[in-house]
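User: I am new to this structure and would be grateful for a close look at a single part of it. Please take the strand pairing as the starting point and then connect it to the side chains.

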Amino acid sequence: MASNYEAICEENRESYGTKGAQKSGKLAAGLYDDRTHFIFELLQNAEDALGRRGEWRGSRKVAFTLNSTRLMLSHFGKPFDEADVRSVCDIAESTKNESSIGRFGLGFKSVYTVTDLPEIHSGDEDFAIENYVFPKRLPRSARAADETQIILPLKPEDTSAASNITAGFRHLGPDTLLFLPHIEEINWNVEGGPSGFYLRNASEVLGPNVHRVTVIGQESGQPEVDQNWLVFRRNAFSAEGKRVGRVEIAFSLVADKLIPGRWAVQPLARSSLVVFFPTVVESRLGFLVQGPYRTTPSRDNIPPGDPWNQHLVMETSSLLVEAMRWMRDNEILDLAALRRLPLDREKFPKGSRFAPMFDAVRQAFQDEALLPTFDGGHVTAQQAKLARTQELRELFSPDQVAALFGTEVAAWLSGDITQDKAPEIRQYLMRELDIDEITPTKLVPNLTKAFLEAQSDEWVLRLYEFLSGQEKALRRHLDTVPLIRLDDGTHVVARENGKAKAFLPSAIATSFPTMRRAVCATPEVRLFLISLGITEPDPVDDVIWNLLPKYQQPELDVDDDTYAADIERIRAAFSTDSTAQKEKLRSALRDTTFVMVVDTGDGKTHVAKPSEAYIATDRLQQLFAGVPDILIVDNEYDCLRGEEIRDLLVSCGASRYLIPEAAPSRLGHSEKAQIRREAGLERASWENPPEDFTLRGLTALLELLPKLQPKDAAARAKVLWEALADLEARGTAAFYCSYKWGYFHETKTAGFDAAFVRTLNQVAWVPSTDGELVPPGLVVFDTLGWKPNPFLQTKITFKPPIIDQLAKEAGIDPAILDLLRRDPTIVAELTSRLSASPAPQTEPSAESEQETGEPSDGDVYDGAKDLYGDDMPDIPPGTPDPDGGDGVNTGAGGGGHGRTGTGTSRGGNQGNGVVTAAQAATALPETRAVARAAGKE
């Protein structure tokens with residue numbers, strides 16, 4: 001029986017009045033920005049009506065039909081009764097309970113954006129609604145049993161209504177059915193235009209409150225749409241414990257193309273908050289959230305501070321954690337699913353509407369095994385490690401990772417979580433969950449001896465392959481980690497104190513510590529080990545490792561046969577073709593006391609470093625015989641004879657020649673001033689100490705010479721001369737020292753004779769004709785019978801032959817000149833007397849003129865001129881005797897005061913009958929003084 005529409009009209013007229021009803025109705029109808037929002041409101045009414053059907057087995061389809069004059073909705077929900085009539089004709093009343101979609105009674109008023117007189121035909125009710133609140137009886141419409149029809153005659157003047165409604169239909173989409181449990185199909189049709197249908201298949205129950213929902217759709221001119229959703233549900237209860245609906249989460253699914261029957265979560269274009277239908281609230285989540293939130297009157301937004309809404313967000317947060325657990329257990333919580341979770345703090349700041357969901361997910365990762373691992377499992381954040389490379393994940397198992405980092409459980413996270421593939425997830429894990437990203441640089445230092453020795457040979461081989469190519473980046477760590485596995489399974493570092501601690505296995509068995517062959521089985525690994533300094537042992541390594549250490553001990557106890565065998569091993573090793581290995585051996589031999597030597601002074605034997613010994617050449621043995629503290633290779637050992645072993649010793653620092661050694665410079669101030677003067681920069685604002693040299697053993701040798709028999713001393717002096725010539729043959733640098741100084745911005749370096757050169761010019765070591773040792777300046781070189789050496793004769797100043805020649809011309813015994821040189825007081829006396837009483841002039845004898853063919857006044861000077869001819873030096877009267885001053889160029893061999901010279905000999909060709917003008921000037925006054933003295937006598 002139909003309701004009493006007249007009574008209802010009368011009641012509403014009393015409540016609102018006609019104008020008040022119109023005004024209120026218009027306000028209610030104008031709440032919505034989208035004029036087609038009424039489509040959702042009509043669907044809402046149909047959903048609620050079907051829900052009130054209970055176990056209804058009839059049609060659950062909702063159909064819209066649109067033509068140019070009207071829109072009709074048809075469904076088979078519970079028919080209208082009087083309560084529904086009153087509700088739909090009210091402004092603020094509703095018969096819907098708390099679990100229904102709407103509760104305000106305003107939703108239906110949105111139809112007035114396209115119609116002025118909506119009609120409802122349901123059950124016994126057939127009426128139209130005038131002026132928003134006044135029901136008007138209509139004839140019964142033609143309809144099926146249990147069918148409800150809502151007819152909206154379009155406003156005649158509204159020419160855009162039909163096109164707007166068509167667009168509204170197109171915006172529905174199949175996901176409209178997702179959260180409508182009672183409507184199974186939506187069908188719409190535009191007369192003479194497009195049409196569409198959306199269908200929800202029966203849900204597949206996957207677990208308690210977990211369903212896979214499939215919705216399909218087809219619109220004119222569009223491909224068919226097939227959507228799959230993973231939906232999680234939880235009942236929502238009021239503060240009084242009354243069920244008031246449910247909160248839901250829906251993830252969009254796509255079939256895995258690689259694994260049949262497997263589903264993966266996919267992204268959403270938009271994720272609006274849903275209150276049965278989408279609102280304008282963008283959740284910024286990667287899934288849909290639905291719940292019975294309290295909305296604004298327009299039902300398109302929710303008050304964010306509403307306590308009930310906040311409660312629903314917390315409930316949804318708990319539901320999300322449950323969903324994560326379920327997806328983990330069903331192998332869906334992978335990288336794609338992680339991307340859909342609230343992981344970006346900037347999108348969910350503190351205090352924002354969905355911040356509790358961000359916090360709930362973060363806490364869940366901390367407390368529960370929800371992070372996907374490389375091997376398909378899941379771990380908590382405390383147990384998780386990120387690996388920079390795929391090789392790390394493949395090489396180190398979870399147990400190994402746990403052992404390396406001191407945790408009970410540890411595992412690599414999914415290999416898809418990288419900077420390239422998933423930078424946002426990687427950053428979340430590192431920043432929000434404090435998960436370490438492990439690189440080879442971080443991991444290698446954790447490889448302890450105990451850990452490595454617990455691993456298999458096969459794994460150690462793989463470790464070497466992994467490290468190969470990373471030597472440069474890991475060099476600092478590779479030198480300190482016990483990476484090298486020996487034959488006995490123990491591990492050592494590759495090198496210690498610059499020496500390899502193990503060798504690669506070779507074809508020849510040795511006593512070396514050798515690596516296990518199984519871990520060196522591939523060329524790649526051997527190249528890696530070689531880069532660490534691990535090589536096959538060879539004779540050089542044998543000598544360095546196994547032989548030389550016993551010669552580095554404080555006490556040496558080696559018999560002759562063993563020593564000979566050791567030297568042979570050294571000699572054989574030194575013949576290697578490898579330049580690097582030979583240099584390595586040479587360096588080790590230089591620092592080892594392995595050479596048997598003899599002290600030439602007392603004949604005692606010692607063991608010395610090569611650099612401390614002279615090679616036992618015949619010349620050096622003759623030279624240093626009896627000289628103390630000179631070590632010479634012991635020729636009693638046959639193994640130390642022969643050129644090959646001598647060359648080896650020389651290469652390691654021994655010498656076949658006299659050895660120059662640094663000596664303190666004895667140059668005085670005046671001598672350095674003279675050097676600066678000759679170099680053209682006399683003044684000095686700074687100077688370096690002059691570098692000077694002597695010869696090893698020379699001082700002791702010169703001290704020994706006077707103690708020998710004259711014959712032996714003369715022979716030894718000759719050997720010294722020959723040894724000096726041998727040294728000169730290797731280069732003249734040893735004979736010079738250097739002096740560097742500067743004056744402001746100008747710098748000079750000058751060379752001068754080495755200390756041993758000056759010593760050899762001063763000391764009596766050259767045999768005279770009577771066998772006495774005298775300084776070289778008292779001996780004419782040609783009288784010695786030594787092999788001439790032009791360079792040495794410029795450094796060691798012998799007596800010029802011209803002096804004896806001039807003495808003979810003057811009728812003076814040359815021995816007198818030697819006497820004068822030895823006694824400066826005689827020269828001083830003669831000089832004094834000659835300056836006081838000039839020598840008388842003598843007439844030239846006819847006999848003399850006849851002999852010479854030229855006039856002569858008998859003067860020695862003229863004799864020198866006869867000797868020199870046109871090459872006679874220009875010696876002005878009053879030229880001082882060069883040997884009588886304080887200058888540097890005093891040279892050995894000048895007469896004067898008998899000084900043997902301490903200055904710098906600059907290379908005049910003295911001796912062998914050739915003299916310089918300075919030498920002639922030195923000789924002539926002396927000869928003339930002697931001649932005058934003889935005349936006075």
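Analyst: Two strands are said to pair if DSSP finds at least two bridges between them. The model is a predicted one, and in it strand 19, residues 384–387, is joined to strand 21 by 2 bridges, with the two strands running parallel. Within this pairing, L386 has E437 of strand 21 opposite it. The pairing belongs to an open sheet of 3 strands, parallel throughout, whose order is 20-19-21. Strand 20 (411–412) and strand 21 (437–438) are the edge strands, each pairing on one side only.

The setting of this sheet may be described briefly. The protein has 937 residues, of which 49% count as buried, and it contains 31 helices and 35 strands. Among contacts with a separation of 6 or more, 60% are between residues 24 or more positions apart. The accessible surface comes to about 44,400 Å², and carbon and sulfur atoms make up 50% of that area.

Antiparallel pairing is found elsewhere in the chain. Strand 4 (residues 125–130) pairs with strand 5 (residues 134–137) in the antiparallel sense, over 4 bridges. I129 has P135 in strand 5 as its bridge partner. The hairpin of these two strands has 3 residues between them, and N131 there adopts a positive phi near 50°. A second antiparallel pair consists of strand 26 (residues 595–599) and strand 27 (residues 605–608), also joined by 4 bridges. Here M596 is matched with V607 of strand 27. In this hairpin 5 residues lie between the strands, and G603 has a positive phi near 75°.

The side chains can now be considered, beginning with the aromatic rings. A pair of such rings is described by the distance of the centres and the angle of the planes. The model contains 31 aromatic pairs. One of them is formed by F232 and F251, an edge-to-face pair at 6.2 Å centre to centre with 85° between the planes. This pair links distant parts of the chain, since F232 is in strand 11 (residues 225–237) and F251 is in strand 12 (residues 243–255), 19 residues apart. F232 is buried at a relative accessible area of 2%, and F251 is buried at 0%. Another pair is that of F503 and W545: because the planes stand at 70°, with the centres 5.2 Å apart, the pair counts as edge-to-face. F503 lies in the loop between strand 25 (499–500) and helix 15 (523–531), while W545 lies in helix 16 (residues 539–551), 42 residues apart. F503 is buried, with 1% relative accessibility, whereas W545 is partly exposed at 24%. Ring pairs also connect W721, W765, F781, W786 and F798 into a cluster.

Charged side chains meet aromatic rings as well. The charged end of R13 is placed over the ring of F134, 5.0 Å from the ring centre. K582 lies over the face of F574, with 5.1 Å to the ring centre.

The cysteines complete the account. The structure has 0 disulfides. For C9, the closest cysteine sulfur is that of C89, at 7.2 Å, and this is too far for a bond because a disulfide requires sulfur atoms within 2.5 Å. C9 is buried, at a relative accessible area of 11%, and C737 also counts as buried, at 5%.

Notes:
Residues numbered from 1 in each chain as written. Predicted model: local features only at pLDDT ≥ 70, side-chain atom pairs only at ≥ 80, totals over all residues. Heavy atoms only, no water. Buried < 20%, exposed > 50% of the residue type's maximum accessible area, 1.4 Å probe, protein only. Contact = heavy atoms within 4.5 Å. Areas by Shrake-Rupley, 256 points an atom, 1.4 Å probe, with all protein chains shown as cover. Phe/Tyr/Trp six-rings, centres within 6.5 Å; stacked < 30°, edge-to-face > 60°. Lys NZ or Arg CZ within 6 Å of the ring centre and 35° of its normal.
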